Amino acid sequence: MTEPNETPPPEPEQAVEESAVDKLAELEDRWLRAVAELDNLRKRVARDMDRQRIDERTRVAAEWLPVIDNLELALKHAGADADAVIEGVRAVRDQAVGVLARLGFPRSDDVGTRFDPARHEAVSTVAVPDADPGTVVEVVRPGYGEGGLQLRPASVVVSTKADE
């Protein structure tokens, strides 16, 4: 017999039901934790991406600082000898081209190469007797980059078959 203050043993159906409720509560708790972890991961990835963007922008801007310094120096000496100013501007241009190359976008000087629509933009054609048809004979505006990392294609003049 059972004591008056003692609860009777649970019925088998009631035990199964309580077990299912406990399991459901445990699964709901795990699900809520997983959702919270996912949300925290999203926030962390967004912060990391923002930090990487800022770091990369800072690195690129720092690469350009010497170019700006030299341009300011050239402007300061603009009243001097014109040839010296021209040489200074050429040196600054070469420095800027070097910065682009270090950033992964080398300048392409493709005179004499075969026209490639992936790397070139034909702006004109000209009949050149001593050049094969489809050869780049002049670069109007240089291209920067190579392969899949191309800032812009080179604008070029392409040779055509010479009239005979």
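# Exercises on a predicted model

D110 is buried, with a relative accessible area of 6%. The structure is a predicted model, and the exercises below work through several of its residues in turn.

## Exercise 1. A buried pair

Determine where D110 and H120 lie, and describe the contact between their side chains.

Solution.

Step 1. Locate D110. This residue is placed in the loop between β1 (107-108) and β2.

Step 2. Locate H120. This residue belongs to strand β2 (residues 120-127).

Step 3. Classify H120. Buried means under 20% relative accessible area. H120 has 3% relative accessibility and therefore counts as buried. D110, at 6%, is likewise buried.

Step 4. Describe the contact. The side chains of D110 and H120 make a polar contact of 2.6 Å.

Step 5. Add a further neighbour in space. H120 and R152 are 32 residues apart along the chain, and their C-alpha atoms are separated by 8.7 Å.

## Exercise 2. A buried serine

State whether S159 is buried or exposed, and identify the backbone oxygen that its side chain reaches.

Solution.

Step 1. Place the residue. S159 is part of strand β6 (residues 154-160).

Step 2. Apply the cut-off of 20% for buried residues. The relative accessibility of S159 is 3%, so S159 counts as buried.

Step 3. Name the partner. The S159 side chain reaches the backbone oxygen of D132, at 2.5 Å.

## Exercise 3. Salt bridges within helix α1

For the pairs D29 and R33, and R59 and E56, give the salt-bridge distance and the separation along the helix.

Solution.

Step 1. Begin with the whole structure. A search of it finds 9 salt bridges; two of them are treated here.

Step 2. Consider D29 and R33. Their side chains meet in a salt bridge at 3.0 Å, N to O. Both residues lie in helix α1, 4 residues apart, which is about one turn of the helix.

Step 3. Classify this pair. D29 has a relative accessible area of 36% and is partly exposed, whereas R33, at 55% relative accessibility, counts as exposed.

Step 4. Consider R59 and E56. Their side chains meet in a salt bridge at 2.7 Å, N to O. Because R59 and E56 are 3 residues apart in helix α1, about one helical turn separates them.

Step 5. Classify this pair. R59 counts as partly exposed at 38% relative accessibility, and E56 is partly exposed with a relative accessible area of 38%.

## Exercise 4. A salt bridge between two helices

Which parts of the chain are linked by the salt bridge of E63 and R102?

Solution.

Step 1. Establish the bridge. The side chains of E63 and R102 meet in a salt bridge at 3.0 Å, N to O.

Step 2. Assign each residue to its helix. The pair links distant parts of the chain, with E63 in helix α1 and R102 in helix α2 (residues 82-102), 39 residues apart.

Step 3. Classify both residues. E63 is partly exposed, with a relative accessible area of 22%. R102 has 54% relative accessibility and so counts as exposed.

## Exercise 5. Patches on the surface

Name the residues of the negative patch and of the nonpolar patch, and classify one residue from each.

Solution.

Step 1. List the negative patch. E13, E17, E18, D22 and E26 gather in a patch of negative charge on the surface.

Step 2. Classify E17. This residue is found in helix α1 (residues 12-76). Exposed means over 50% relative accessible area; E17 has 57% and is therefore exposed.

Step 3. List the nonpolar patch. L38, L41, V45 and M49 form it on the surface, with about 320 Å² of accessible area together.

Step 4. Classify M49. This residue also lies in helix α1. Its relative accessible area is 39%, so M49 is partly exposed.

## Exercise 6. Exposed residues and C-alpha distances

For T125 and G147, give the location, the exposure and one C-alpha distance.

Solution.

Step 1. Treat T125. This residue is found in strand β2 and is exposed, with a relative accessible area of 51%. The C-alpha atoms of T125 and V136 are 9.2 Å apart, with their positions 11 residues apart along the chain.

Step 2. Treat G147. This residue is in the loop between β4 (143-146) and β5 (149-152) and counts as exposed at 66% relative accessibility. G147 and F105 are 42 residues apart in sequence, and 9.8 Å apart in space from C-alpha to C-alpha.

Key
Residues numbered from 1 in each chain as written. Predicted model: local features only at pLDDT ≥ 70, side-chain atom pairs only at ≥ 80, totals over all residues. Heavy atoms only, no water. Patch = residues over 30% accessible without salt bridge, like charges linked within 9 Å, V, L, I, M, F, W, Y side chains within 5 Å. Areas by Shrake-Rupley, 256 points an atom, 1.4 Å probe, with all protein chains shown as cover. Salt bridge = Lys/Arg side-chain N within 4 Å of Asp/Glu carboxyl O. Lys, Arg positive; Asp, Glu negative; His and termini not counted. Charge placed at Lys NZ, Arg CZ, Asp CG, Glu CD. Buried < 20%, exposed > 50% of the residue type's maximum accessible area, 1.4 Å probe, protein only. Polar contact = N/O pair within 3.5 Å; in protein donor to acceptor, adjacent residues only side chain to side chain.
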